[in-house]
Amino acid sequence: MIDAIYSGLQGLAEGIRHLDAYCLVMLAIAGGLFYLAVAKGVEPLLLLPIGFGCLLANLPLSELMHPGGVLKTMYDFGIGNELFPLLIFVGIGSMTDFTPLLANPKLLLFGAAGQLGIFCTLLLALALGFSRESAVAVATIGACDGPTVIYVSNLFVGLGKIDTSMVGALAVAAYSYMALVPIIQPPIMRLLTTQKERAVQMPSSGGKVSKAALIAFPLVVTVLTGIIAPKGLPLMGMIMLGNFMKVSGVVPRLANAGENEIANIATLFLGLAIGGTMAGRDFLTVKTLLVFGLGLFAIVIDTVGGVLLGKLWYVLSGGKMNPLIGAAGISAYPMAARLVQTEGQRWNKQNFLLMHAMGANTGGQIGSVMAAAIMLSVLKGLGLI
Amino acid sequence: MSNQSFGLTLLLVGMGGTLLTLWLLTLIIRVLTTLLPPPKPKGSKPTP
């Protein structure tokens, strides 16, 4: 009897006996994610479920990421086959208004300059000894686009080229830096521009856009992507589907579902499953630190690329382009555009850059997905995927 | 192919391809907005 009670108590103490340093550090990391999400409001939609997934997966004797476990089931159901990131893209498309971009299409070029970080980070990651596939996955943090990072990295997981555990580090880095754009970008914007350049007033883009053009736009982009970079068609196709549903105006229920229910459910499951991949022994490595360092580098270079194109444009236009607009050429929408507006007004109270910045920002959304699509197509051409 | 060549290939083809594709898209948007202009506001007189 005494032996039975002792054995029973031993069973209750199993969890405590298996509590090791890895568990404690990962629980602290989960706590850090909760702090950022709850107390600081940093990307709470993603960081809260990622943090909870991390918590669940790292408690001693947790079996949630074992075959049949709930987190593993979510992972296999929607991350392993890349369904959840694509469903989130439907929602992003439904939420995006391309009117400022269509009114001033040249702003789309900022969306290309804002991807410079992807390719420079790739070179740096290769120099640091990352495998080619890992380097590509890390470089996509420069797309400033969480679902793109998860999509590309999972493609390599599916091919057995990178570890599942790396997806968690990449996703957390991508979403954290996206949220930190208002802290990362302003010093770079100020460093690279003069006060005179920052104060440049830009006239209203003014041009109205017809509904027919707004409806044709997602179809044209889908066809163009399908022809030039078919490997990225799932990404661009889902964004444009969401946008087409919205601008067509004939399926408001579907557009609302894409923007709300579908995006919300996919975000919850994606966050939990990604958090579940953050197993302490695989996550707490030098490689994870390097991923975070490279992610920061990628976003800094994105901003540098956009602002430098803005400066070139400033010179070529005879001082009519405010180079700050270039910083909005990334995919963090609409945060980057609002930041440009705030920064522009700081130096000239009469400055209203928001619509121009929104055009560059939606250009950044298209640019980030296009860059990933082109990169995947080049990799296919090189025989890597 | 060395890692350096691989990285430079992706930098040139990837960044160049992205720039070229988005530039092409700006041209397409211009054509779209020209072919599909916004309706003129009611009450405006037609230009002679």
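A salt bridge is a side-chain nitrogen of Lys or Arg within 4 Å of a carboxyl oxygen of Asp or Glu. The model is predicted, with local features requiring pLDDT of at least 70 and side-chain atom pairs counting only at pLDDT 80 or more, whereas totals for chains, interfaces and linings use all residues. Residues are numbered from 1 along each chain as its sequence is written, chains are lettered from A and ligands numbered from 1 in the order in which they are written, and side-chain values use heavy atoms, leaving out hydrogens and water.

**View 1. Salt bridge between Glu197(A) and Lys311(A).** The closest N and O atoms of Glu197(A) and Lys311(A) are 2.9 Å apart. The pair links distant parts of the chain, 114 residues apart, with Glu197(A) in helix 14 (residues 195–198) and Lys311(A) in helix 19 of chain A. Helices (H or I, at least four residues) and strands (E, at least two) are DSSP runs, numbered from the N terminus. Glu197(A) counts as buried because its relative accessibility is 8%, while Lys311(A), at 21%, counts as partly exposed; buried means under 20% relative accessible area, exposed over 50%, and partly exposed in between (1.4 Å probe, protein chains only). Helix 19 comprises the 31 residues 286–316 of chain A, and its end C-alpha atoms are 45 Å apart, in agreement with the 45 Å expected at 1.5 Å a residue; the expected span is 1.5 Å times one less than the number of residues. Just after helix 19 of chain A, Gly318(A) adopts a positive phi of about 70 degrees.

**View 2. Salt bridge between Arg281(A) and Asp20(A).** Here the closest N and O atoms are 3.0 Å apart. Arg281(A) lies in helix 18 (residues 280–283) and Asp20(A) in the loop between helix 2 (14–17) and helix 3 of chain A, so the pair ties together parts that are 261 residues apart in sequence. Arg281(A) is exposed, with a relative accessible area of 56%, and Asp20(A) is partly exposed at 25%. Over all chains, the structure holds 7 salt bridges.

**View 3. Salt-bridge network of Arg190(A), Glu343(A) and Arg346(A).** Arg346(A) and Glu343(A) meet through their side chains at 3.7 Å, N to O. Both residues belong to helix 20 of chain A and are 3 residues apart, about one turn of the helix. An α-helix has 3.6 residues a turn, so residues three or four places apart point the same way. Glu343(A) is buried, at 2% relative accessibility.

**View 4. Surroundings of Val136(A) in the largest nonpolar core.** A nonpolar core is a set of buried Ala, Val, Leu, Ile, Met, Phe, Trp, Tyr and Cys residues joined through side-chain atoms within 4.5 Å. The largest has 126 residues, and Val136(A) is among those that touch the most other members. Helix 21 (residues 354–381) of chain A supplies the largest share of this core, 14 residues. Not counting residues up to four places away in sequence, Val136(A) touches residues including Met375(A), Leu379(A), Phe6(B) and Leu10(B), where contact means heavy atoms within 4.5 Å. Helix 21 of chain A is mostly covered, with 24 of its 28 residues buried. The end C-alpha atoms of helix 21 of chain A are 39 Å apart, which agrees with the 40 Å expected at 1.5 Å a residue.

**View 5. Thr21(B) and the nonpolar surface patch.** Thr21(B) lies in helix 1 of chain B and is buried, with a relative accessible area of 4%. Among residues over four places away in sequence, Thr21(B) touches Leu224(A), Ile228(A), Met370(A) and Ile374(A). Val223(A), Ile227(A), Ile228(A), Leu20(B), Trp23(B), Leu24(B) and Leu27(B) form a nonpolar patch on the surface with about 660 Å² of accessible area together. Patches are made of residues with over 30% relative accessible area and no salt bridge: like charges are joined within 9 Å, nonpolar side chains (Val, Leu, Ile, Met, Phe, Trp, Tyr) within 5 Å. Accessible areas come from the Shrake-Rupley method with a 1.4 Å probe; for residues, only the protein chains shown count as cover. Helix 1 of chain B gives the most to the patch, with 4 residues. Leu24(B), at 33% relative accessibility, counts as partly exposed.
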